[in-house]
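Open the model in your viewer and keep the selection tool ready. This tour tells you what to pick next and what you will find there.

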Amino acid sequence: VSREENTFSGAKNTVRRNTPNKKYGNLLLGVLTIATFVWAMINFIEVAGSVIVLWHRDTYRESSFVIRKVHYSDDDEAGLTWGFIGRLSGSEGEERMYAPGLADAKALGYQKLRKMYPPGTQMKVWYNPEVTATLFQHRTLHILPYTPDLVNAELKVIYHWLLYCLLPFAGVLLFARVMEKQR
């Protein structure tokens, strides 16, 4: 009888030791799931901008943008937003163009950006007055820096999101499902 009791109490201790590990494993998996979901949603704003550009791809036209001044704002809430105030060829009003991919503004700072893009600098751009002037992840959508293949440039943004945001989230969900089936 004592032999059975020892075996039973040993099994009981094993269960007790595994229970906290399962709890910590579930907690870690839950945190990882939430983190990858939040990461995918934060970065989805860029994808939304690319989808808007692709939706209107046939109505963008090549234009020229002349920089009047560099705009640089680094506040605690919105973070660093920088871009240009200037004119499009053939227009009289001022426009703004924000394209964070043109330079590492944080590393350069305002003075170096101003030297890099002095007033009067002319840039080739894609322009579509029908697309929103609202900033998407600190970039404008109605004026975009010129790339020879606008569609491919925007598809790369979507591909990057799928690979580095959505795929990790899906992987964590799949891992959680496999772990659940093993229990």
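This is a predicted model. Begin with helix α3.

**Stop 1: helix α3**

Select residues 150-182. This is helix α3, with 33 residues. From its first C-alpha to its last, α3 reaches 47 Å, close to the 48 Å expected at 1.5 Å a residue. Now centre on Leu162. A kink of about 35° in α3 is centred there.

Next, colour the buried residues of α3. Which ones are they? They are Leu150, Glu154, Ile158, Trp161, Cys165, Phe169 and Val172. Keep the helical repeat in mind while you look along them. An α-helix has 3.6 residues a turn, so residues three or four places apart point the same way.

Stay in α3 and pick Pro168, which lies in this helix. Is Pro168 buried, partly exposed or exposed? Pro168 counts as partly exposed, because its relative accessibility is 32% and that class runs between the 20% and 50% cut-offs. Add Trp39 to the selection. Pro168 and Trp39 are 129 residues apart along the chain, yet their C-alpha atoms are separated by 9.6 Å.

**Stop 2: a nonpolar patch**

Move to Ile34, which is found in helix α1 (residues 2-55). Ile34 is exposed, because its relative accessible area is 57% and the cut-off is over 50%. Extend the selection to Phe37, Val38, Met41, Ile42 and Phe44. With Ile34, they form a nonpolar patch on the surface. Together these residues have about 540 Å² of accessible area.

A general tendency is worth setting beside this patch. In soluble globular proteins, nonpolar side chains tend to be buried together.

**Stop 3: the largest nonpolar core**

Select Phe65 and Phe84. They have the most contacts inside the largest nonpolar core, which has 16 residues. Where do the core residues come from? Show β1 (61-75), β2 (79-88), α2 (105-116) and β4 (122-127): each supplies at least two of them. The largest share comes from β2, with four residues.

While β1 is on screen, pick Ser73, which has its place in that strand. Ser73 is partly exposed, with a relative accessible area of 25%. Now add Tyr110. The C-alpha atoms of Ser73 and Tyr110 are separated by 9.1 Å, and the two residues are 37 apart along the chain.

**Stop 4: salt bridges**

The model has four salt bridges. Visit three of them here.

Start with Lys124 and Glu62. They form a salt bridge, and their closest N and O atoms are 3.5 Å apart. The pair links distant parts of the chain: Lys124 is in strand β4, Glu62 is in strand β1, and they are 62 residues apart. Lys124 is partly exposed, at 47% relative accessible area. Glu62 counts as partly exposed too, at 43%.

Go on to Glu94 and Arg68. Their side chains meet in a salt bridge of 2.1 Å, N to O. Glu94 sits in strand β3 (residues 94-97) and Arg68 in strand β1, 26 residues apart. Glu94 is partly exposed at 40% relative accessibility, and Arg68 is partly exposed at 44%.

Finish with Arg139 and Glu154. Here the side chains meet at 2.9 Å, N to O. This salt bridge joins the loop between β4 and β5 (143-145), which holds Arg139, to helix α3, which holds Glu154. The two residues are 15 apart. Are these partners buried or exposed? Arg139 is buried, with a relative accessible area of 16%. Glu154 is buried as well, at 5%. Both count as buried because the cut-off is under 20%.

**Stop 5: positive phi in the loop**

Remain in the loop between β4 and β5 and select Gln137, which is found there. Then add His138, which lies in that loop. What is the phi of each? Gln137 has a positive phi of about 50°, although it is not a glycine. For His138, phi is near 65°, again a positive value in a residue other than glycine. Why stop to look at such angles? Most residues other than glycine have a negative phi.

Last, check how far these two residues are covered. Gln137 counts as partly exposed, at 30% relative accessibility. His138 is partly exposed at 28%.

Methods
Residues are numbered from 1 along each chain as its sequence is written. This is a predicted model: local features need pLDDT of at least 70, side-chain atom pairs count only at pLDDT 80 or more; totals for chains, interfaces and linings use all residues. Side-chain values use heavy atoms; hydrogens and water are left out. The expected span of a helix is 1.5 Å times one less than its number of residues. The bend at a residue is the angle between axes fitted to the seven residues ending there and the seven starting there. Buried means under 20% relative accessible area, exposed over 50%, partly exposed in between (1.4 Å probe, protein chains only). Patches are made of residues with over 30% relative accessible area and no salt bridge: like charges are joined within 9 Å, nonpolar side chains (Val, Leu, Ile, Met, Phe, Trp, Tyr) within 5 Å. Accessible areas come from the Shrake-Rupley method with a 1.4 Å probe; for residues, only the protein chains shown count as cover. A nonpolar core is a set of buried Ala, Val, Leu, Ile, Met, Phe, Trp, Tyr and Cys residues joined through side-chain atoms within 4.5 Å.
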